[in-house]
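Got the model open in your viewer? Here is a short tour to read alongside it.

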Amino acid sequence: MERGSIIVFTVLMLATILTITLSLTKIFIPRIRSTAEATNSTAAVYAADSAMEWCLYNNRERTPALPQPVMGNGATYQIYNDGSLSACPGRETLNYRTVGTYRGVSRSFEVSEL
């Protein structure tokens, strides 16, 4: 063997290992993201569901309105009535859509009167 051939062989091996590593990363990163988004989706669904239940309760009960639900995990929600933001004061038509959001994932529920 000539001098320096070990260095060339080592560089080729490192390039091969790097290529394999980058290929595997490209395959598995989207799968890891989708798993995390599934978990975030569950929290977003609970936020939207809590807001919808609160709205329905305020519309059906004649007692003073309950305070709006607070999400302890950082999730947020928006309530819409007939397409515009609503505070769900009660005695409105039941055409609500609630959107829960958690870490960039949003899920919504809709209730409409017939």
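What follows covers the disulfide, the core, a few residues on the strands and loops, and a patch on the helix.

A quick word on ground rules: this is a predicted model, where local features need pLDDT of at least 70, side-chain atom pairs count only at pLDDT 80 or more, and totals for chains, interfaces and linings use all residues. Residues are numbered from 1 along each chain as its sequence is written, and side-chain values use heavy atoms, with hydrogens and water left out.

**The disulfide**

Let's start with the cysteines. The structure has one disulfide, between Cys55 and Cys88, with an S to S distance of 2.0 Å; the term stands for a pair of cysteine sulfur atoms within 2.5 Å. Cys55 sits in helix 1 and Cys88 in the loop between strand 2 (84-85) and strand 3 (95-102), so the bond ties together parts that are 33 residues apart in sequence. Helices (H or I, at least four residues) and strands (E, at least two) are DSSP runs, numbered from the N terminus. Cys55 is buried, at 0% relative accessibility, and Cys88 is buried too, at 1%. Buried means under 20% relative accessible area, exposed means over 50%, and partly exposed is in between (1.4 Å probe, protein chains only).

**The core around it**

Which residues touch the most other members of the largest nonpolar core? Among its 16 residues, they are Cys55, Ile79, Cys88 and Tyr96. A core here is a set of buried Ala, Val, Leu, Ile, Met, Phe, Trp, Tyr and Cys residues joined through side-chain atoms within 4.5 Å. At least two residues of this core come from each of helix 1, strand 1 (76-81) and strand 3, and helix 1 gives the largest share, with eight residues.

Tyr96 is a handy place to look around. Leaving out residues up to four places away in sequence, its contacts (heavy atoms within 4.5 Å) include Met52, Cys55, Ile79, Cys88 and Phe109.

**Along the chain and across space**

Next along is Arg97, in strand 3. With neighbours within four places in sequence set aside, Arg97 is in contact with residues including Met52, Ile79 and Phe109. From Arg97 to Ile6 the C-alpha to C-alpha distance is 67 Å, with their positions 91 residues apart in sequence. Compare that with Glu53, in helix 1: its C-alpha is 9.8 Å from that of Thr98, and the two are 45 residues apart along the chain.

**Two loop residues with positive phi**

Asp82, in the loop between strand 1 and strand 2, has a positive phi near 55 degrees and is not a glycine. Arg103, in the loop between strand 3 and strand 4 (105-112), also isn't a glycine, and its phi is positive at about 50 degrees.

Here is how accessible some of these side players are:

| Residue | Relative accessibility | Class |
|---|---|---|
| Asp82 | 54% | exposed |
| Arg103 | 64% | exposed |
| Glu53 | 48% | partly exposed |
| Arg97 | 32% | partly exposed |

**A nonpolar patch**

Last stop: the surface. Ile20, Leu24, Ile27, Phe28, Ile29 and Ile32 make up a nonpolar patch there, together showing about 560 Å² of accessible area. Areas come from the Shrake-Rupley method with a 1.4 Å probe, and for residues only the protein chains shown count as cover. Patch residues have over 30% relative accessible area and no salt bridge, with like charges joined within 9 Å and nonpolar side chains (Val, Leu, Ile, Met, Phe, Trp, Tyr) within 5 Å. A salt bridge is a side-chain nitrogen of Lys or Arg within 4 Å of a carboxyl oxygen of Asp or Glu. One of the patch members, Leu24, is in helix 1 (residues 5-60) and is partly exposed, at 44% relative accessible area.
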